[in-house]
Every structure is written in C-alpha cells, then in structure tokens.
Amino acid sequence: MKFKTRKTAVAAMVGTALFCSPYLASAQEAEVENEQEAKKDVELILVTGSFVRRSENFESPSPLAVVDSVAIDAIGAKNIADITQTLTINTGAENNPDAFTQNATAGTSNINLRGLGVASTLVLLNNKRQVVTAQPTNEGLNFVDTSSLVPMIAIDRMEVVKDGASALYGSDAVAGVVNFITKRNYDGAMVSVDYQDGAHGDNKEYVLQGLWGATGDKGNVIAAISYTNRSPLFINDRRLSRPQDDTSALGNPASFFIAPGVPVIDPFGCEEFGGFPQILAPEGTVPGLDVGLCGFDFGPFYSYVPDESRINAYTRAEYEFTDDITWTTEIGMARNRAERGGAPSFPILTAPVVPDYHPQNPFGRAVSFFGRAEGNGQPGDAANTESDTFRFSTNLQGVTDSGFWEISYTRAVNDFVFSVPDVLNTEFQLALLGFGGSNCNPVLGTPGEGSCEFFNPFATSYTSAPNSDYVLNSFTAKQVIDSKSDLEVFEAFTSFDTFEMGGGYAALALGVQYRENSLRQDYDELSNQDSFTFVIGNPDLDGSQDVWAAFGELALPVSDELDVQLAVRYEDYGGSIGSTVDPKLAISWRATDEFSLRGSISTSFRAPTVFLAQGGATSLQQVVDPVQGAQAFVAVRTSGNEDLKPEESTAYNIGFSYEPFRDLSIELDYWNFEFEDLIIQENAQALLNADPTDTSRIVRAGDPLTGPVLQINNTYVNASSLETSGIDFVSSYKMETELGNFTPTIQATYITKYDLNDPQAGDIDGAGRRNFNNIGVSSPELRMNIGLNWQHDVHAANLFLRYISSYDDDQNCADGTSNTGGCANGFYEIDSMLTVDAQYNIDLGSVFDTDQSYVLTIGGVNLFDEEPPQVFTNSGFDSKVHDPRGRQIYARLAIEF
C-alpha cells in the first residue's frame, strides 16, 4: 500500500526531515502526468522526529544525521558499534567494555549522544522502541544494546535526531533519537562473509550474514540472520599500561597487619614470586620485617576485547488487507555470549584473621590477611555474560481521505546472566583456621587434620607448602546475577489535514501511548547473604514502571519558505515521580534556493528508572587515595535511592544549510543542553577526595582512618546542573571527472562547553577533560572525520582520516604522578590521535559478466597501527574514547542473487 495524499496536506507519522547527510536516501517519486497532478499526488516518506508524514522536498527544522547502507559499507562496519563509534556526536559510549569501567556488560555496545549518558538517547527500530539491557552499567544505567538490535545486512539506514526529542517520544529521548530503519520491498537474496584480522595477539573476527526477501501484489517479507565470532585481545598481547597502573595493593604473596595501621610484607618473599613491594616505613621500623604492601599486577590477565559469539535474526512481513489498510509485523532475536578475562582471584576485603597456631605463621601471633587467595603464577578466572533478546512488534496502518492512522503493539524482553568467581567469606576464614575443605566439619573436626586442611596464605605456598585444589575449591564459588528486562508498549495515533495556509495544508497528529518497563534481578543465594569477600552480594530486585502518555504535533506550512513545527507530550509516571508536560518549537526558513535556516527549542524529562530507585550493585574501580598517596583498586558498592527526583532539561539548536552551487553542501549547527537535578551515581573518587576519613562511606583495612582503602559506598543522587554546548559541521562536494567521481566530506563536532556541578567535586569545566574525578564523561573538544570517496566504473574506494583532539587527564598531574590533592603544574595531557582508514571495492559480477552480483571489499582500520594515547590508569588508555585494538585488516565478499 502506498500512502498518497495531497502534497499540501502533509499528512504524516513518525518522521522529521529530509536527510542532511552526504548519503541521501530518497523516497520513491509518485507517478504523475503533469506538474499540477504532482502537487496533488506524491508519496510521503517516513522520517525520524515527527508524527506527520512529509513530502520528500521537505527540510527539517531539527538537525538530522543520516548514515545509509552505502556509508555503512564504506567504513567497513561489521556491527552497529563500528558505525556509532565513528560519529563525532557520540561521546563516552561504552563500545569497548572492560572490567575497570564497565564491569558486567562485556559483549554489549551503546550510544551516548553529546556525552549525556548511555540511557539518555532513545534507540528505535523502524520507529518503535527496543528493550533496555537487564544488566546496568557501572553507573547504574540500563541502555539499549545495539549489538542485539538487528543483523547489519538488514539495515537500510540510520537516522539521528541531534536535538532533544522528548516532546515527541518521551523521557528517554533527552539527548536525541537514533532510529535504525531496515530494508523494505527487497526482492532477492544476499549473503556476505567478513574476515578481520588484528595486528596484535589472536584478535580475529568472522561475520556470516544472509538476507532474503520477496514481494507480491499484496505484501512483502524479508528475513535476515547473522553470526559473529570474535576472538579475544588480552592486555598482555598489547600492553598499553605500565605495571604500576594495574597493580593492586592486595596480592599473593600478600601483606599482613600485625597491628592496626601496620602492614608488613610477607617475610617469606614478595618480589621473588612476582610481587611488587611497596615500602611504607624505613628499614628497622619493625625489626626483621618490611612495613609495606606486596602488590599484584593483575593487568595481563584482563582482556581489551572479550571472546564473543553472536547470533542475530530478524524477519519482517507486510500485508495489504485493502488498498487503505496494511498490517506489518516484525520479529527479532539475538543470542550473545562473551567471556572477559580476569585475575586469578579478587582482592579479599574482609580482613580475615590468620591464627597464631597456623603452621606457616611466622609472626607468633594472630594477624590480619591483606591480599587475595590466588595471585602470581595462577591462571585467570573469567567473567561470563549471556544475553538473550526477543522482540515482537506489530501494527495496523490505514489511510483516510485527509491523513492516516496507526495502532501498534511492541513487546521486547532481555534475559541477561552475569557470572564471576569469587571467594566466600566464611569458608575462607574457616580455611585459615584449619577447617578448609568441603568435607570438613568445623564443629567436630580438628584444625589441619583428616578432611580439614589449612589454607596457606604465605609465600611458602609457592615452595614447601602448596595449597591443594581441595581446599581452594572449598571457598570458591560463582556469583550469578540472572536479570530480566521487559518492555511492553501500546500506541495509537492519527494524522490529518486541518486548515490551509500559505504553503499548503496544516496537519495535526494526535496520539496516546501506554508502556510498562519492568526489571527483575535474581542474585544467587550466596549473594543474597552477602557471602563474597569482594563482590559481596546484593538482595534481589523486582520492580516495574507504568507510563501513560498523550502527545500532539502541529505542522504549519506558513508559506512556501517557512515551516513551523509545534509538539507537546504529557507523561504520567504516577507515585512520587508524578507527571510532566514537555513542549517543542521548531522552525525552518528557506531564505533562498541555496540557503536555509533552522532552529528548535524543547524541554525534556527523565524519570528515575527501577534500578536507580531500588537496585544495587558492586563494581570494580580504580581510585587515587589521598591518605595513602597511591592508586587503589577497590570495590564500589552502590545502593538505590527511592527519593530521587526526575531530571529536567532544556535544549535548543540553531543551524543553517547552504548549497552555493550544485553538489556542494554545507551544514552547521550550534546546540545547547541545560540540565537540572541531573540523576547521577556519586563519583567514587570525588567521595574519597571530599572526606577520605568518612568511615560510613570509606572502608579501610587496619586503621579505619589511615589504612589502605578497600571499599567505597555510594548511591544515586540528583546533581545540581550540567550544561553542554557545541558546534556540528558537515560538508560534502561531489566532483565528476574523467577519472571517476570524487566526493570529499568533512564531519566535525566541537564542544564549546561541558560545565557541571558535582555534589562532591563542585563546579567543573569539563570540556577538554577526562572527568575522572567527577560525574562527567571524557570530553575531547574536537572530533573530526575527513573522507574521500572515489567511484569509477566497477571500482570504488574510500579514505578516512579520523581525528580526536588532546584533553586533560584529571586523574594524573602533568609530571605523571597521581592527582592526590591538586596539581600545581596542571593535569597530564592525553595526546591527540589521528588514524587512517581505507577501503577498496570491486564489482566482480560486472567484471566477469555474471548473473549474480559479486562485490569484493578489502580495507583496513587504523592502517598505521597507532597506539591509543597513554593514560596512567587501569589498562593504560581511555576506553570511552579510543580503541585499543590497533590495525585491523578486513575482507568482505558479498553475493547477491
């Protein structure tokens, strides 16, 4: 069914503007007999950011970026993360999940427009919502996992609305909207095979994809499937960090507190067994012993890239009941598995006691153990994630004389299981007392006799008194978090002509929506009892959130040159959250045929999620302890806050489009977002800096005021404010020559402001800063992509230069020392980075004149194997900004039947 009506009626649905990208995807033109008929009968297109259908010559009042399938192939993207990571408007996304900043979300990817948070960008698939992951980030944010969305081969284009869109879509669209649109009316079959090989370690990737489609008189259907297998890249394969960046004070060999605040290094050895001694007092302070800590370099055990496998399937069917009514249904599923490397065991934070009668105890008295059960010389323990996503969406659309209507239902579920080994608190203490072993009865048994064994925490375990697997297994278990996120959406809306204006008929869209978000987290029984020595545990969570919404949009073609968009949305969350009304005004003015202006202003509202209000988690984070003057790898335990208020924001955008002559386009936009009551997780480093002796928040070993920090307790709060602004620039120019068509392009984003008020850190100018010590994200001021496309006959090639400017690292001072209380000479500067990507394509089907299409692609990412700029932190680089993999060479063969 084709939606046709008068061009002047502008009768519509979900769509905003014609694409302001060099890669233009245009709608099929209506068949007309003359110019007069063309004005009355054209096919209207679906574009993102409006509930009113637009004709294809409409210019958007909101800034819109479009990446079509040609552009996706040009960058060699094998997954959605490859696309979004190259967008200059994407800041601080977690597409390289690591154990230190994204503990439990390995194998996922997300989008972070403007650096406003991975939960502040609404991700749609064919204009409909997708469920968020059941496992949150370290910051407690549940996000849409783009790795589980749809097979890449099925994507036709990606549209990004770059200003706030809550007035149209609801609270999740605070920073904007990213809409993935699948292929339609495809007739045929296609298969593709990708192979990618990294320059370091055994990091390889295979992708197999298939697409099939058929069309008929009454409808069409497509089906797609993809399989991805990615091998891991370990830190040891490409060490970017210094050993001290990845060294924990809790090692094995270990240290022991012989008195409060007096740790001593294992007298049986430290450095000779791979440890890193840190001397804290002059020799002779304690006769015969070294006061200090025996550190452990855990870095080589962890992975930059996890071992992953993914299966993604999608099908979409459309059927015309009549000329005016069409039914559409789509079903998708994804099965993702990932294994992330980890240390042989976590640090033990419970200060267990080694008794004076322990056969290996050289001190002659009871001491507190400060270390880990296994360390140097032992294999690493992996953490595993299993994510299964299912999505069903169906809708009924109908055409009226002056518009159209739609009724839809969407249901999507994500099941996410995270598991990681850790040491059990009680069982480990029993093993130190001589009651180790699964068959030992601590009530009836005798320490160290029969089925009861001692665990040896001293360095003699490396030589004369090794620990048995029997005793090790008795105090080791897996923490398992089985989570489920469920989304259900009912929506109905209609769009119709209202009255005639100078530029045509005004159109009004009205709609209602009900959606329910539920989240369940089922921790294992041991975690429910807080039985673990590092990850501790957590109670189960089972909560839901119901939202009723009503929305409207008025499209006003005031004249042939001036279009105005008015939109408003009411959402009611009930309970303590309450309701909100968010309006939007957008204007587009075509001053001349070559030059047009646009502007928009809107408000947004983001409610606390179920997890932020009721959930809790323990994550691994690196901090700099101002008391000890050293870095520490600690557990950060976060609890929910039911007193959170919704965050509110105002966004505005002013921009222009200029086409001085044929094939040259220039786009420039200034954008600004202002937030109040921003919902954030308290920054662990900021808490430590604000009051390092707060015993209710800071847990230390030995002396509670001066001992090594073990754990930081935080929660979610409403911060005062955040304001960010910047400039987007996009330009392209197509040149036709005898040697082929050349199209140079430029895409750049410059952040002019990233000001925030942190509850602990105070007022921060975060632009051009890593923002390690506050609630912000890494914000290099300038990101720029310069591209050159060439096409000639059966050949095509692409060249990209990708630049990220330098920025300050507030974790470290200019001299390379840790920032423990201010840097007199300023912060350490993280270098700028320039990488080069290239690609060549040849149409082998045309070369050999075959019935099928064969396209061979060969390319490389980061061709010169540039290292990401060094950062003196865990893993040695900023995973929110840079890619650690280095040069990636790939080849693809696509066959279309």
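A residue is called buried when its relative accessible area is under 20%, exposed when that area is over 50%, and partly exposed in between. With this scale in hand, aspartate 677 of the predicted model is easy to place: its relative accessibility is 25%, so aspartate 677 counts as partly exposed. Its salt-bridge partner, lysine 645, is also partly exposed, because its relative accessible area is 44%. The side chains of lysine 645 and aspartate 677 meet in this salt bridge at 3.5 Å, N to O. The pair links distant parts of the chain, 32 residues apart: lysine 645 sits in the loop between strand 31 (630–639) and strand 32 (647–658), and aspartate 677 belongs to strand 33.

Side chains of opposite charge can pair when their charged atoms come close. Across the whole structure, a search finds 41 salt bridges. Another of them also involves strand 33, and here glutamate 667 and arginine 598 meet through their side chains at 2.8 Å, N to O. Glutamate 667 lies in strand 33 and arginine 598 in strand 29 (residues 595–606), so this salt bridge ties together parts that are 69 residues apart in sequence. Glutamate 667 counts as buried, since its relative accessibility is 11%. Arginine 598 is buried as well, with a relative accessible area of 7%.

Further along the chain, aspartate 810 forms a salt bridge with arginine 769, with 3.6 Å between the closest N and O atoms. This pair, too, links distant parts of the chain: aspartate 810 is in strand 41 (residues 807–813), arginine 769 is in the loop between strand 38 (762–765) and strand 39 (782–792), and the two positions lie 41 residues apart in numbering. Aspartate 810 counts as buried at 0% relative accessibility, and arginine 769 counts as buried at 15%. Salt bridges can also share partners, and in this way Glu205, Arg230, Glu308 and Arg310 are joined into one network.

A polar contact brings a different arginine into view. Arginine 157 lies in strand 6 (residues 155–161), and the side chains of arginine 157 and aspartate 156 are joined by a polar contact of 2.9 Å. Arginine 157 has a relative accessible area of 12%, so it is buried.

Attention now turns to the empty space inside the model. Rolling a probe the size of a water molecule over the atoms shows where empty space is left. A search of the whole structure finds 17 cavities of 30 Å³ or more, and the largest cavity has a volume of about 890 Å³. Its lining is made by 46 residues, and those nearest its centre are Glu139, Asn774, Ile775, Gly776 and Lys880. Two or more lining residues come from each of strand 30 (616–625), strand 33 (664–681), helix 9 (684–690) and strand 35 (709–733). Strand 33 gives the largest share of this lining, four residues.

The surface offers a nonpolar patch of about 650 Å², made by Val193, Leu208, Ile225, Tyr227, Ile311, Ile331, Met333 and Phe390. At least two residues of the patch are supplied by each of strand 10 (219–230) and strand 19 (325–340). Isoleucine 225, a member of the patch, is found in strand 10. Because its relative accessibility is 46%, isoleucine 225 counts as partly exposed.

Terms used: Residues numbered from 1 in each chain as written. Predicted model: local features only at pLDDT ≥ 70, side-chain atom pairs only at ≥ 80, totals over all residues. Heavy atoms only, no water. Patch = residues over 30% accessible without salt bridge, like charges linked within 9 Å, V, L, I, M, F, W, Y side chains within 5 Å. Areas by Shrake-Rupley, 256 points an atom, 1.4 Å probe, with all protein chains shown as cover. Salt bridge = Lys/Arg side-chain N within 4 Å of Asp/Glu carboxyl O. Buried < 20%, exposed > 50% of the residue type's maximum accessible area, 1.4 Å probe, protein only. Polar contact = N/O pair within 3.5 Å; in protein donor to acceptor, adjacent residues only side chain to side chain. 1 Å grid on protein atoms, 1.4 Å probe; cavity = no way out; pocket = protein on both sides within 12 Å on 5 of 7 lines; lining within 4 Å. Points joined across faces, edges and corners; volume = space filled by probe spheres on them.
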